Amino acid sequence: MYKFSHIPVDTPKIKTKNRTIKTKIPSPETVSILEDCMTYEPASMNDQLPVAWDKAYDFNVYDKSGNKWIDFTSSIFVTNVGHSNKDVQKAILKTCKKQLLNSYYYPTKERNKLSKLIIQNSPKNLDKVLFLSTGSESVEAAIKMSLLYTGRKKILSFDQGFHGKTMGSSMACGKGNDWVPVKSFVKHLPFPNEWGIKSSPENFFKQSVKNLKPNEYAAFIIEPYQGWSASFLPTEYAQKLESWCKSNGILLIVDEIQSGFGRTGKFFAFEHFKISPDIITCAKGISSSLPLSCVISKSSIVDTSSSFNSTHGSNPAAVAASTASINYLIKNKLVEQSKNKGDLMLKFLKEWQKEQPHLIKRISCRGLLASVFINSPDGNDSDFVDDNGNHRCNEEIKAAAKETHLHSSMLYYVKVSNFGRLYNPYSQLTPPREYVHAKEKLIKETFVFKTTNRIVFSLYLDYLKTKKQNLLLQAEREML
Ligand SMILES: Cc1ncc(COP(=O)(O)O)c(C=O)c1O
């Protein structure tokens, strides 16, 4: 596992509208925070950028020394309406002030408001919502509901999918979860990456299910796109899958934990496919802040057991935050903004690809979710996933990319898979919102994305050339 250095280094100072670097990085006064995380928490903390978050507002993150970064991570798809959104803050403070910080799953006005709001914004055939705390927990509950409802014992999912880190949700995940003891419970089908399938999406689907006994399966759990690649299900495939599930009594669970609440330019990403799920799982962007998740489904499915509740599932502050966040999203038309900004981003990415077709292999972009795959300079086009099912990833390049962004005041979620592959999901739903109000400002905002790509790209090339971290051009730094 890669370990970021905690030794402060000199890096060019930056003072622009959205970025400040005024100390060595990491800031010397934050080193003890970073070190304590490593000492007292699991080794996974090593993999974190050495930024000690002190404050985060809208799309900026600050350390306590006054360094300020642009956050393109959205805290891993959580802060869809921006960090510390004023309406969300107000809702949380209100529940604190009136002294209601826990209510188990007893009735509260706060949960009434949110359940109605969620059902109003869900497909018409779904009429009930179960509140929980994490995405993984909502996947567990969705699976349990489907088993209880159908009386069947197995489920289907995709071989490169991700659904969480608890036992059941890990079983539903694709490859790379070899530690999971019970394998037979889930049958993993190949994911129809548009670049990987030789036949039509419908035929590919037919082939995938041809040897299955459908009446063994309670549910098919899908993500609208795969998080690791931003690879969307082809629409024809999704529709075929839906009709096959319906005709075989298999419930369709759509995991919208990452893709929901406007991320892809639709309220829910499955709307792109015009399909109708039986169960939807949500988390992350549901509150843009405090931990909350939910399962949305039908009474007939949700009411199969009286065990669907949890201690913290409808925490009043989290529920109030979620209501404020969803209302803000709707009031400010952030879903439409996500689509419009995404369309512009795609246009620029395509132009960039046209300029340098030998370098950019593939772009996937819907709303503010995108990936860019960079061609291997040696022309080696091996698969993204190796024979053992691991996403091939050179940790050093990945870390170098992350660190360079760190030093240029951008927190960026970057994955570099093996030499020659580079993937960047654009994780911020509300990137420089003020740029969006005027047309010229929109272009500037898109320029931000374009520039960011170039930065990553130049980093990558330099890495190949010199095998060491690239220093960004000062001119590029000034643009943000
Ligand atoms: C598609 C998807 N499902 C499930 C999860 C798990 O959610 P959580 O981390 O809240 O348990 C994630 C988290 O990254 C996700 O992206």
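In this predicted model, two strands are taken to pair if DSSP finds at least two bridges between them.

Q: In what order do the seven strands of the open sheet lie?
A: The sheet is open and its pairing is mixed. Its edges are β6 (128–132) and β8 (186–189), each of which pairs on one side only. From one strand to the next the twist averages 20°. The order is β6-β14-β13-β12-β9-β7-β8.

Q: Do strands β9 and β12 run parallel or antiparallel, and how many bridges join them?
A: Strands of a sheet pair through backbone hydrogen bonds, in either a parallel or an antiparallel manner. Strand β9 covers residues 217–222 and strand β12 residues 251–255. Alanine 219 stands opposite leucine 251 in β12. The two strands run parallel, and the bridges that join them number four.

Q: Which helix gives the most to the shell around the ligand?
A: Around the ligand there are 13 residues, of which Gly135, Ser136, Gly164, Ile257 and Gln258 come nearest. The shell divides into four nonpolar, two charged and seven polar residues. Three residues of the shell come from one helix, spanning residues 135–150, namely α5.

Q: What percentage of the contacts in the protein chain with a separation of 6 or more is accounted for by residues 24 or more positions apart?
A: The protein chain contains 14 helices and 17 strands. Of its 480 residues, 49% count as buried. For contacts with a separation of 6 or more, the share from residues 24 or more positions apart is 73%.

Key:
Residues are numbered from 1 along each chain as its sequence is written. This is a predicted model: local features need pLDDT of at least 70, side-chain atom pairs count only at pLDDT 80 or more; totals for chains, interfaces and linings use all residues. Axes are lines fitted to C-alpha atoms, for helices over the stretch in contact, and angles run from 0 to 180 degrees between N-to-C directions. A residue is near a molecule or strand if its C-beta atom, placed from the backbone, lies within 6 Å of it. Ala, Val, Leu, Ile, Met, Phe, Trp, Tyr, Cys and Pro count as nonpolar, Asp, Glu, Lys and Arg as charged, and the others, Gly among them, as polar. A residue is buried if 20 or more other C-beta atoms lie within 10 Å of its own, exposed if 12 or fewer, and partly exposed in between; C-beta atoms are placed from the backbone. Two residues are in contact if their C-beta atoms, placed from the backbone, lie within 7 Å.
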